[in-house]
Amino acid sequence: MATSAIVSIGAYVPSRVVTNDDLSKIMDTSDEWIRTRTGIHQRHMAVAEETTASMSFNAAQAALETAAMDAGDLDWILLCTDTPEMWTPATACFVQESLHAKKASAIDLTGGCAGFLQTLELADAAAQLGKTVMVIGTELLSRSMDWSDRSTAVLFGDGAGAVIVTPDRGHGIQLTHSRTYSDGSQTEILQKPYGGTRHAIPPEIVAHGGHHRIHMEGRKVFRHAVHRMSQAAREVLADMNMDVDTIDWVVPHQANQRILTAVADALHIPMDKVFSHVENYANTGSASIILALADMFQQDLILPQQRLISIAFGDGFSWGSAIWTVQSLPPTRFIGRDQ
Ligand code: ACO
């Protein structure tokens, strides 16, 4: 069966770190509340001159440079985000120009926390046709936040990740199997409702210099996330006739620590197999799985021949799971990583 592989990984987080104590100075919250409910200690946030495209470029350039690959060899740039550079053109087009990836067709897909696994499925199909694909997951969520909504604003951070996907030539991370799903029947639970054709941006948001706001019913998201992430993992494992014990690492979307613990419990996976750095970076939406992978490789946590399972859930709702086989360690560079 033809497969594809991730042959390089780049990641970028802004240098500005905002701690829970910093947030407690601008809203009614505390380090203790945020740590206990989410496991988050801090998040990285873009500075004024940074945008989604500039962060994405940094990650994409890192992925190319670390593997000594040429941007001119890219056939596609698939960029997933919920926080685009502007409505049109695609953020991917800005990145294509900055990279001088002259041959690449550049397309945006909606992001959200499952956006990376969904986009990776498309890249996998293209790579099996012989294409070289840059997949970028990127979010500048701090500029979409309702800073008066303390239960949501404390959860997110900014960052960008990029992976290069090619036909499987026996090295890198083989994309062994994956499934993604959507259920659009409950879009109201987690959305950025303003600025599209359904709802104009309310004047009070514009007056405060805002452009979008995330609306989330946290408890409902929690329940759906745990159920769907566990279900998706079980299904990909069953498809492959694999037992959970054959998995070396879970590389989950870094939603929050309580969700990760609940999913591990539901799957009977010990927590020492579940990678988490949510305490440092918080939830970075469609960037989060790439940041997690990059961090794991930079820490030498993953070894050749290991089996990984990734799991994600996010707005839509969309969710999914993927099984990856590490054939060899892909070149990786994570700019701004916490040491
Ligand atoms: N600081 C202090 N108090 C707070 C804060 C805060 N930042 N936020 C809420 N509270 C208060 C509430 O006002 C409430 O007070 P009350 O009892 O006096 O009314 C109390 O804390 C409990 O609020 P809940 O919302 O019920 O708290 P809960 O235990 O559900 O935790 C949380 C909230 C962390 C958002 C949780 O529901 C959650 O993790 N949901 C999942 C959300 C998520 O991860 N979304 C990411 C996008 S989708 C994804 O990535 C999977």
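# Exercises on a predicted model

Arg-333 forms a salt bridge with Glu-65 (a side-chain nitrogen of Lys or Arg within 4 Å of a carboxyl oxygen of Asp or Glu), and the closest N and O atoms of the two residues are 3.0 Å apart. This pair links distant parts of the chain, since Arg-333 belongs to strand E14 (residues 332–335) and Glu-65 to helix H3 (residues 52–66), 268 residues apart. Helices (H or I, at least four residues) and strands (E, at least two) are DSSP runs, numbered from the N terminus.

The structure is a predicted model, in which local features need pLDDT of at least 70 and side-chain atom pairs count only at pLDDT 80 or more, while totals for chains, interfaces and linings use all residues. Residues are numbered from 1 along each chain as its sequence is written, and side-chain values use heavy atoms, with hydrogens and water left out.

## Exercise 1: Salt bridges and exposure

Task: find how many salt bridges the rule counts, and decide whether Arg-333 is buried, partly exposed or exposed.

Solution. Step one is the count, which comes to 12 salt bridges by this rule.

Step two applies the exposure classes, where buried means under 20% relative accessible area, exposed means over 50%, and partly exposed lies in between (1.4 Å probe, protein chains only). Arg-333 has 32% relative accessibility and therefore counts as partly exposed; Glu-65, with a relative accessible area of 44%, is partly exposed.

Step three turns to Lys-103, which forms a salt bridge with Asp-75, their closest N and O atoms being 3.4 Å apart. Here again distant parts of the chain are linked, with Lys-103 in the loop between helix H4 (91–99) and strand E5 (105–110), Asp-75 in the loop between H3 and strand E4 (76–81), and their positions 28 residues apart. Asp-75 has a relative accessible area of 18%, so this residue is buried.

Step four considers Glu-217 and Lys-220, a salt bridge whose closest N and O atoms are 2.8 Å apart. Glu-217 counts as partly exposed at 25% relative accessibility, and Lys-220 counts as partly exposed at 36%. Elsewhere, Arg-179, Glu-235 and Asp-239 are joined into one network by salt bridges that share partners.

## Exercise 2: The surroundings of the ligand

Task: state which residues come nearest to the ligand, and explain why the ligand lies between two domains.

Solution. Step one lists the neighbours, a residue being near if one of its heavy atoms lies within 4 Å of the molecule or strand in question. There are 25 residues around the ligand, and those that come nearest are Thr-29, Arg-37, Arg-219, His-253 and Asn-256.

Step two sorts this shell by class, which gives 13 nonpolar, seven polar and five charged residues.

Step three looks at individual atoms. A polar side-chain atom of Arg-37 lies 2.6 Å from an oxygen atom of the ligand, and for Arg-258 the corresponding distance is 3.4 Å. In the side chain of Asn-283, an N or O atom is 2.9 Å from an oxygen atom of the ligand. On its own the ligand has 1,000 Å² of accessible area, of which the protein covers 76%.

Step four asks which elements take part: helix H2 (31–38), helix H6 (150–153), helix H8 (218–239) and helix H9 (257–267) give two or more residues to the shell. H8 gives the most, with five residues.

Step five answers the second part of the task: domain 1 (4–171) and domain 2 (175–269 + 299–328) both give residues to the shell, so the ligand lies between them. These domain bounds come from an automatic or database domain assignment.

## Exercise 3: Unusual backbone geometry

Task: locate the cis peptide bond that ends at Pro-89, and decide whether Ala-68 is buried or exposed.

Solution. Step one recalls that most residues other than glycine have a negative phi, and most peptide bonds are trans.

Step two takes the bond between Thr-88 and Pro-89, which is cis with omega about 5°; Pro-89 sits in the loop between E4 and H4. Another cis bond runs from Gly-316 to Phe-317, with omega near -10°, and Phe-317 is found in the loop between strand E12 (307–314) and strand E13 (318–326).

Step three takes phi. Ala-68 is not a glycine, yet has a positive phi of about 50°, and this residue lies in the loop between H3 and E4. With a relative accessible area of 71%, Ala-68 is exposed. Ala-282 also has a positive phi, about 60°, but with a relative accessible area of 1% Ala-282 is buried.

Note on methods. A polar contact is a pair of N or O atoms within 3.5 Å; within protein, one must be able to donate a hydrogen and the other to accept it, and residues adjacent in sequence count only if both atoms are side-chain atoms. Accessible areas come from the Shrake-Rupley method with a 1.4 Å probe; for residues, only the protein chains shown count as cover. Ala, Val, Leu, Ile, Met, Phe, Trp, Tyr, Cys and Pro count as nonpolar, Asp, Glu, Lys and Arg as charged, and the others, Gly among them, as polar.
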